[in-house]
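The exercises below are meant to be worked with the sequence and the structure open side by side. Try each task before you read the solution that follows it.

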Amino acid sequence: MKSNITLIILGMSVVTYIPRHLPFIISERVSFPPILKSFLSYVPIAALGALIFPDAFLALEGYPLASAMGVAAAGILSYTQKNIFITVAGSITITYLALNFLAR
Amino acid sequence: MNHNYHIREGIKQGIPVALGYIPIAITFGVLSKAANVTIGEAFLFSSMVYAGASQFMAINMILLGSGFTQIIIATFLLNLRHFLMSASLSQRIEVSNSRLLPFISFGVTDEAFSIASSRDGAVTSAFFMALHLTIYFSWIIATVLGYLIGEILPPSLSSSMVVGLYAMFIAILIPQMKSSGRACFLVLLSGLINTTIKTNNLLPKGWDIVTTISIVSLIGVILEGQVNRREEKDEI
């Protein structure tokens, strides 16, 4: 049973690493056509949109209001100033306060 | 000098993620112990697989008695989104030494990818490796700490720190949305499509985000093409 888990870890690391590494091998050998480059240039914002919605609002199970407040705080802070540390620290603080002092 | 600057920047930008990973990795360590996984195996999970959601999924599947093949296929699907991220990053990163590539690609997580590809300046391999290693070590160390000491952080603080990771994503996005109407539209569209797919369980886990990213990026290309065509017409 124990060796089984090691085997699972090995298998998982292989199937996780292949999608991570394969594109780098391909792009080293061939240069991508402009339309593909254009497509890939939109992947970051498309990914960020999908990483935030809906998961950010579901981050705290049972406390949707607190996560919504943390998200809103991050939105306001990053809109008004540029320092990521302030945005992250502010959002954590608001979420913490909401969790501790607000009813659900 | 320039090299050192990129390393410093990478570390600096990795710190919010490193902090956000701590409570998650601690929970992973605690869960591993509860599932009778040894500390060595928990360490290998975090250092070799290095993909949070799939590690949690694997522990749950092991507890449920799922077979090897089932776990591997589920992991593959859940982590398939990195393929798109690596492809995108491969066009952006300036790799000075191709021997570094295997290590750079290993560091492609949602967070490292988002930070690197949204960076204003050059994404050098020094920057990316510094960013990656800052995040990576935090993930591994906190996994081991969680296994050894248990939940050390108060629950409401660790939950808030997880929200902090999303705050970081938002902090990366807002400046881009402010400066481009198209970016604004695409982000909201992406959120709408992903939320629709997820809440209605339209696609299996993993395919949801891959499909969303593909559709939205394609729409980005189409919009760009239309704008270019209109500009060409104006010039004539």
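**Exercise 1. In this predicted model, are H2(A) and H9(B) parallel, antiparallel, perpendicular or oblique to each other?**

Solution. Begin with the verdict and then retrace it: H2(A) and H9(B) are oblique to each other. The angle at which H2(A) packs on H9(B), residues 155-179 of chain B, is about 140°, and their axes are 10 Å apart. Because only angles over 145 degrees count as roughly antiparallel, the pair H2(A) and H9(B) is therefore classed as oblique. The sense of the crossing comes next, and H2(A) passes H9(B) in a left-handed crossing.

Then list the residues on each side. H2(A) contributes A:Ile45, A:Leu48, A:Leu51 and A:Ile52, and these meet B:Tyr166, B:Phe169, B:Ile170, B:Ile172, B:Leu173 and B:Gln176 of H9(B). Sorted by class, the contact of H2(A) with H9(B) holds nine nonpolar residues, one polar residue and no charged residues.

**Exercise 2. Describe how H2(A) packs on H7(B), and state the classes of the residues that meet there.**

Solution. First locate the two elements, which are H2, residues 34-52 of chain A, and H7, residues 110-117 of chain B. They pack at an angle of about 135° with their axes 10 Å apart, and H2(A) and H7(B) are therefore oblique to each other. The crossing of H2(A) past H7(B) is left-handed.

Next, name the partners: on the side of H2(A) they are A:Pro44, A:Ala47, A:Leu48 and A:Leu51, whereas H7(B) offers B:Asp110, B:Ser114 and B:Ser117. The class count for the contact of H2(A) with H7(B) is four nonpolar, two polar and one charged. Finally, set this list beside that of Exercise 1: A:Leu48 and A:Leu51 meet residues of H7(B), and A:Leu48 and A:Leu51 also meet residues of H9(B).

**Exercise 3. How many residues of chain A are in contact with chain B, and which element of chain A gives the largest share?**

Solution. Count the two sides separately, which gives 59 residues of chain A in contact with 75 residues of chain B. On the side of chain A, the elements that give two or more residues are H1 (2-29), H2, H3 (64-80) and H4 (84-101). The largest share, 19 residues, comes from H1(A). By class, the side of chain A that touches chain B divides into 39 nonpolar, 16 polar and four charged residues.

As a last step, check the confidence, for which the predictor gives the complex an ipTM of 0.94 and a pTM of 0.95. Chain B averages a pLDDT of 95, with 99% of the residues scoring at least 70.

**Exercise 4. Describe the make-up of chain B, and find where its two domains touch.**

Solution. Start with the elements: chain B has eleven helices and zero strands, and its C-alpha atoms fill a box of roughly 70 × 50 × 35 Å along the principal axes. Chain B is then divided into domain 1 (2-174) and domain 2 (180-236), whose C-alpha centres lie 26 Å apart. The contact takes six residues from domain 1 and eight residues from domain 2. On the side of domain 1, H4 (68-78) and H5 (81-90) of chain B each supply at least two residues, and by class that side has five nonpolar, no polar and one charged residues.

Now follow H4(B) to another partner, H3(B), residues 52-64. The axes of H3(B) and H4(B) come within 10 Å and cross at roughly 160°, and H3(B) and H4(B) are therefore roughly antiparallel to each other. H3(B) passes H4(B) in a right-handed crossing. Among the residues that make the contact are B:Met57 and B:Met61 of H3(B) and B:Ile71 and B:Leu78 of H4(B).

**Exercise 5. Where do A:Pro54 and B:Asn36 lie, and what is notable about the backbone at each?**

Solution. Recall the general rule before looking: most residues other than glycine have a negative phi, and most peptide bonds are trans. A:Pro54 lies in the loop between H2 and H3 of chain A, and the bond that joins A:Phe53 and A:Pro54 is cis, with omega about 0°. B:Asn36, in the loop between H1 (2-34) and H2 (39-49) of chain B, has a positive phi, near 65°.

Note on methods: Residues numbered from 1 in each chain as written. Chains lettered and ligands numbered in written order. Predicted model: local features only at pLDDT ≥ 70, side-chain atom pairs only at ≥ 80, totals over all residues. Axes fitted to C-alpha atoms, helices over the stretch in contact; angles between N-to-C directions. Helix = DSSP H or I, 4+ residues; strand = E, 2+ residues; numbered from the N terminus. Parallel < 35°, antiparallel > 145°, perpendicular 65-115°, else oblique. Left-handed = near helix turned anticlockwise from the far one by under 90°. Contact = placed C-beta atoms within 7 Å. Nonpolar A, V, L, I, M, F, W, Y, C, P; charged D, E, K, R; others polar. pLDDT = per-residue confidence, 0-100. Domains from an automatic or database assignment.
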